[in-house]
Amino acid sequence: MTYPPPPGPDGTYPPPPDPPIQAYQPPPPNPQQYGYDYPAPQIQGYGVPPAPGYDYGNSGSPYSQQGYPYAPARPTEGLAIASLVVSCAGVAGLCLWSIGGLLGIVGAILGHVARSRIRATGAGGAGLALAGIIVGWVVTAIAVLGIAVFVIFLVRDSGSTY
């Protein structure tokens, strides 16, 4: 048989053959599944046969497909998580006399180390490390600005007399 079949005498192609139709067999009831012989709950659509000619669950059906295995998940680099956590803790530390600036520096450095490890090993977590770097340096910049403003106010205030 050639694919597609040759056209007929009138120049049109014949329709494809119908797939084999298989009778639908509902699964047998299992009263032990629900315990104490209670009736099974009525699920809407349960017992309705699939469309004619389409038997998706039967492995011998022409419409069934072999499942594809999932790719294993890459492990996340722990330093990337630590970078983001420490940098976010630095945001809260900004309220404590700019102590968050130190945490921001630590978080950013952890993020840089995590990114170099991720490039070397191929582990996951590059986005976490990048977020830790960005948040860490922003927190550090805000802390430096806060300290500079505080020092300026101290210098200006020390020269004034009451």
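**Exercise 1. List the buried residues of helix H3 and state what covers them.**

The buried residues of H3 are Ala-129, Gly-132, Ile-133, Gly-136, Val-139, Thr-140 and Ala-143. Buried means under 20% relative accessible area, exposed over 50%, and partly exposed in between, with a 1.4 Å probe and protein chains only. The cover over these residues of H3 includes H1 and H2.

The model is predicted: local features need pLDDT of at least 70, side-chain atom pairs count only at pLDDT 80 or more, and totals for chains, interfaces and linings use all residues. Residues are numbered from 1 along each chain as its sequence is written, and side-chain values use heavy atoms, with hydrogens and water left out.

**Exercise 2. Describe the secondary structure, then check the length of H3.**

Step 1. Count the elements. The protein has 3 helices and 0 strands. Helices (H or I, at least four residues) and strands (E, at least two) are DSSP runs, numbered from the N terminus.

Step 2. Read along the sequence. The pattern is α-α-α.

Step 3. Compare spans. Helix H3 covers residues 126-158, which is 33 residues, and at 1.5 Å a residue it should span 48 Å. The expected span is 1.5 Å times one less than the number of residues. The end C-alpha atoms of H3 are 48 Å apart, so the two values agree.

**Exercise 3. Work out the surroundings of Ser-87 and Ser-83.**

Step 1. Place the residues. Ser-87 is in helix H1, and Ser-83 is also found in helix H1.

Step 2. Check accessibility. Ser-87 counts as buried because its relative accessibility is 0%. Ser-83 is buried too, with a relative accessible area of 0%.

Step 3. Look for polar contacts, which are pairs of N or O atoms within 3.5 Å; within protein, one must be able to donate a hydrogen and the other to accept it, and residues adjacent in sequence count only if both atoms are side-chain atoms. The side chain of Ser-87 reaches the backbone oxygen of Ser-83 at 2.9 Å. A polar atom of the Ser-87 side chain also lies 2.8 Å from the backbone oxygen of Gly-132.

Step 4. List contacts, meaning heavy atoms within 4.5 Å. Leaving aside neighbours within four places in sequence, Ser-87 is in contact with Gly-107, Ala-108, Gly-132, Val-135, Gly-136 and Val-139. With residues up to four places away not counted, Ser-83 touches Gly-107, Leu-110, Gly-111, Ala-129, Gly-132 and Ile-133.

**Exercise 4. Find the salt bridge and locate both partners.**

Step 1. Apply the definition: a side-chain nitrogen of Lys or Arg within 4 Å of a carboxyl oxygen of Asp or Glu. The structure holds 1 salt bridge.

Step 2. Name the pair. The side chains of Arg-117 and Glu-77 meet at 3.0 Å, N to O. This pair links distant parts of the chain, 40 residues apart: Arg-117 is in helix H2 (residues 100-121), and Glu-77 is in the segment before helix H1 (78-93).

Step 3. Compare accessibility. Arg-117 is partly exposed at 44% relative accessibility, whereas Glu-77 is buried at 11%.

**Exercise 5. Search for disulfides and classify Cys-88 and Cys-95.**

Step 1. Take a disulfide as a pair of cysteine sulfur atoms within 2.5 Å. A search of the whole structure finds 0 disulfides.

Step 2. Classify the cysteines. Cys-88 has a relative accessible area of 42% and is partly exposed. Cys-95, at 68% relative accessibility, counts as exposed.
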